[in-house]
Each structure stands twice: as C-alpha cells, then as structure tokens.
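Here is a short tour to read beside your viewer. Please load the model, and we will go through it one element at a time.

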Amino acid sequence: MAESKTDTPLPPPTYAQSIASPINLILFALLLTLVYLRLRPKPPPALSKAPPPIVFRTFTPPMLKPYNGENNMPVYLAVNGKVFDVSNGRNFYGPGGPYENFAGRDASRGLACGSFDEDMLTKDLEGPLDDLKGLGDEEWEAMRGWEERFQEKYLVVGKLVAVGDPEASKEGL
C-alpha cells in the first residue's frame, strides 16, 4: 500500500517573529530621537549688545588722564593732537602692557623717539601741550608712521587741546 503523507515526520513549526520585540522598539526610539535632534528648529542666535556710541570730543590732558584702562575705563591715547580709542589693543596700551605709560596721555614724543620712558611724557597736565620742538626729521617721520598706523587700526574719538584753549571752553571744560 501506498504510504500516506501523514506518516512522514513533519518539520517543527516555525514561529513568526514579532516586529515589536524589545530590541526593535529600543532601536526605533533611538532613531526617532536622533531624527528629532537633527531636524528640530534651532533658536535664533542672540545678538551681542552694541557698544555705546563714541562721540567726537575735545580733550584736555587732565580729561584724558582717566582713560588709561583702569577701573573698566576705555584706553585712549593722543598722537599729534588726535585722541585714539586703543581699547582693542588693551594688552599693549592698557595696565601691564608694554605701552601702558602712553595710556591716557599724549604719546607723540615717546612714539616719535621710540622711548617708553616717563621723561617723554608731559609732566604738567595743566600746562601747555608738548610743541614737539627738538624732534628731527626721522623722529617726525616715525611719529607720522605711528599716527597713520593708529588711524588705520583705531577710532579717532577726539582731539587734544591745552587746558586754557578756547576750544576747551566751548565744550564747557
């Protein structure tokens, strides 16, 4: 007789794997998190606070003196009658810098002579400005070079006049 097909052993039944296994759910949640982090809207960048406006002023030597970088003051120095805001170069012109003697002062003679000595600075702040007499052609050229360099790099915030000058009186100094 013919054997029936029911007599042959059947292979063990295979079970369908569920897509909702714990590892698949964890991987799917991780994928969703990564997609969200990549595509979420970013907050707009915060704008930095604008610096206060700088007004062109007339300075006298005593008025210029506090602008030496101490007590969170800006760093100003004067060259050939022009007052420059050198605060961006605070490492050089501010407290502890190699040119700190010039901060808040008329630096014309010192820059012209290439000297950082206190002797190059006007001692009497109430007296007349340094007329720069005694400078040679090379020293005048050096001072003009410094003045050009400052004009390229820093803002001119004012001009320097003597204490009794009529322009100082105009601004109520």
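## Helix 1

What should the 18 residues of helix 1 (residues 22-39) span at 1.5 Å a residue, and how far apart are its end C-alpha atoms? The expected span is 26 Å, and the end C-alpha atoms are 26 Å apart, which agrees. That expectation is 1.5 Å times one less than the number of residues. Helices here are DSSP runs of H or I with at least four residues, strands are runs of E with at least two, and both are numbered from the N terminus.

Is helix 1 buried or in the open? The number of buried residues among its 18 is 0, so helix 1 lies largely in the open. Buried means under 20% relative accessible area, exposed means over 50%, and partly exposed is in between (1.4 Å probe, protein chains only).

## Ground rules for the numbers

This is a predicted model, where local features need pLDDT of at least 70, side-chain atom pairs count only at pLDDT 80 or more, and totals for chains, interfaces and linings use all residues. Residues are numbered from 1 along each chain as its sequence is written, and side-chain values use heavy atoms, with hydrogens and water left out.

## The sheet

Now to the strands. Strands of a sheet pair through backbone hydrogen bonds, either parallel or antiparallel. In this model, 4 strands make an open sheet with mixed pairing, in the order 1-4-3-2; two strands count as paired if DSSP finds at least two bridges between them. Strand 1 (57-59) and strand 2 (76-79) are at the edges with a single partner strand each, so one side of each has no neighbour in the sheet. On average, neighbouring strands are turned by 40° against each other, direction ignored (axes are lines fitted to C-alpha atoms, for helices over the stretch in contact, and angles run from 0 to 180 degrees between N-to-C directions).

Strand 2 and strand 3 run antiparallel, joined by 4 bridges; one bridge pairs Val79 with Lys82 in strand 3. The two strands form a hairpin with 2 residues between them, and Asn80 in the turn has a positive phi of about 55°. Strand 3 (residues 82-85) also pairs with strand 4 (residues 155-160), again in the antiparallel sense over 4 bridges. In strand 4, Gly158 is the bridge partner of Val83, and Val156 is that of Phe84.

## Helix 5 and its salt bridges

Helix 5 (residues 137-153) packs on the sheet, where it touches strand 2 and strand 3 (contact means heavy atoms within 4.5 Å). Its direction makes about 45° with that of strand 3.

The whole structure holds 4 salt bridges, each a side-chain nitrogen of Lys or Arg within 4 Å of a carboxyl oxygen of Asp or Glu. One of them joins Glu147 and Lys82 at 2.8 Å, N to O. Glu147 belongs to helix 5 and Lys82 to strand 3, 65 residues apart. Glu147 counts as buried at 9% relative accessibility, whereas Lys82 is partly exposed at 28%. Within helix 5, Arg144 and Glu141 meet at 3.9 Å, N to O; these residues are 3 apart, about one turn of the helix. Arg144 is partly exposed at 39%, and Glu141 is exposed at 51%.

## A link from helix 4

Arg109 and Asp130 form another salt bridge, at 2.8 Å, N to O. Arg109 sits in helix 4 (residues 108-113) and Asp130 in the loop between helix 4 and helix 5, so the pair ties together parts 21 residues apart in sequence. Arg109 is buried at 18%, and Asp130 is partly exposed at 23%.
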